[in-house]
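The following explanation leads the reader through one molecular structure, beginning with a strand and its partners and then turning to an internal cavity.

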Amino acid sequence: MPLIVITGLPSSGKSTRAAQLRKLFEDYGKTVHLISEWQCVQLAGYSKNEYFDDPQKEKLIRSNVKSEALRLLNKDDLVIIDGANYIKGYRYEIFCASKSSRTTQCTVYCANTKEQSWAFNELRRDETEKYHEDIFKALCLRYEEPQHNNRWDSPLFTVFPEDELGKDDIFKAIYSTKALIPNLSTQNPPLSSTNFLFEMDKTTQDVINQILSARKIGLTGSVRISGAGNVPAEVPSEMNASQLNRHRRQFLNYMKLHTTASITVDKIPSMFVQFLNANCK
């Protein structure tokens, strides 16, 4: 269920922290999925410097990392994204995805200085894992540091090279807090069958016709609607067909976004009448 996003400058110890977090939560008995950006780069056949020097390659790998994270998100397992994650817009996309999945999330920021990170880079024995100086400087310039007041970075845990991981705080942040509640912008609208939409359109039009027929014979008070049970339509007598149909379209648009399996065609007349009563006064 939870998601941990690791971020930091190049060679700031992100993979080391990711491995520590993996062991920590496995010791707690959790199933942990570690998604490594560097491993994705290797699988794609790129070198580290070739990858970061090509925006199109970066975009492709970032998309693969996010897709893999979404695939693995579930109610029980922990997902750790180990990568640069240096673009705040990308971190926001991940935040929206975890919110849509109703999961908790936190950010671990490896807060090395540029000098410390470059020194760590120079200590690497494998030349293929070293950053070229121009690539390193470019990544440092592009890096958008996470902020506590950004909801997509929060809760934010800043870890310096000499620090121990605040394992208890991180555990509480992702296992003892409520999951994010998705809003309409992070949800897919519910699907309804074509037949249901047709029947809903037909039923609401029939309600309008019953109201207009009552007005034609001089009935100015409440109108009993067939199929609406004990809920009469309390619509002002001066409302014409155009105004009533405007409310009908509003109701249909609302229902297309909020229809669930529990709403059946036989409930539509009473729901539409209640909608009219609430919006036509």
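**A strand, its partners and a cavity**

Strand S1 (residues 3–8) and strand S4 (residues 105–110) are paired in the parallel sense, with 6 bridges between them. The model in which this pairing is seen is a predicted one. Within the pairing, Thr 7 stands opposite Tyr 109 of S4. S1 also has a second partner: 4 bridges connect it to S3, and these two strands likewise run parallel. Here the bridge partner of Val 5 is Ile 81 in S3.

The surroundings of S1 may be considered next. This strand is mostly covered, 6 of its 6 residues being buried. In a regular strand, side chains alternate between the two faces of the sheet. In S1, Leu 3, Val 5 and Thr 7 point one way, whereas Ile 4, Ile 6 and Gly 8 point the other way, and all of them are buried. Val 5 and Thr 7, named above for their partners in S3 and S4, thus belong to one and the same set.

The interior offers a further feature. A search of the whole structure finds 1 cavity of 30 Å³ or more, and the largest cavity has a volume of about 30 Å³. The largest cavity is lined by Glu 37, Arg 62, Val 65, Ile 81, Asp 82, Gly 83, Asn 85 and Tyr 90. Two or more residues of this lining come from each of helix H4 (55–72) and strand S3 (78–82). By class, the lining comprises 3 nonpolar, 2 polar and 3 charged residues. Ile 81 links the two parts of this account, being the bridge partner of Val 5 and also a lining residue of the largest cavity.

Terms used
Residues are numbered from 1 along each chain as its sequence is written. This is a predicted model: local features need pLDDT of at least 70, side-chain atom pairs count only at pLDDT 80 or more; totals for chains, interfaces and linings use all residues. Side-chain values use heavy atoms; hydrogens and water are left out. On a 1 Å grid over the protein atoms alone, a cavity is a set of points where a 1.4 Å probe fits but cannot get out, and a pocket is an open set with protein on both sides within 12 Å along at least five of seven lines; lining residues have an atom within 4 Å of a point. Grid points are joined across faces, edges and corners, and a volume is the space filled by probe spheres set on the points. Ala, Val, Leu, Ile, Met, Phe, Trp, Tyr, Cys and Pro count as nonpolar, Asp, Glu, Lys and Arg as charged, and the others, Gly among them, as polar. Buried means under 20% relative accessible area, exposed over 50%, partly exposed in between (1.4 Å probe, protein chains only). Two strands pair if DSSP finds at least two bridges between them.
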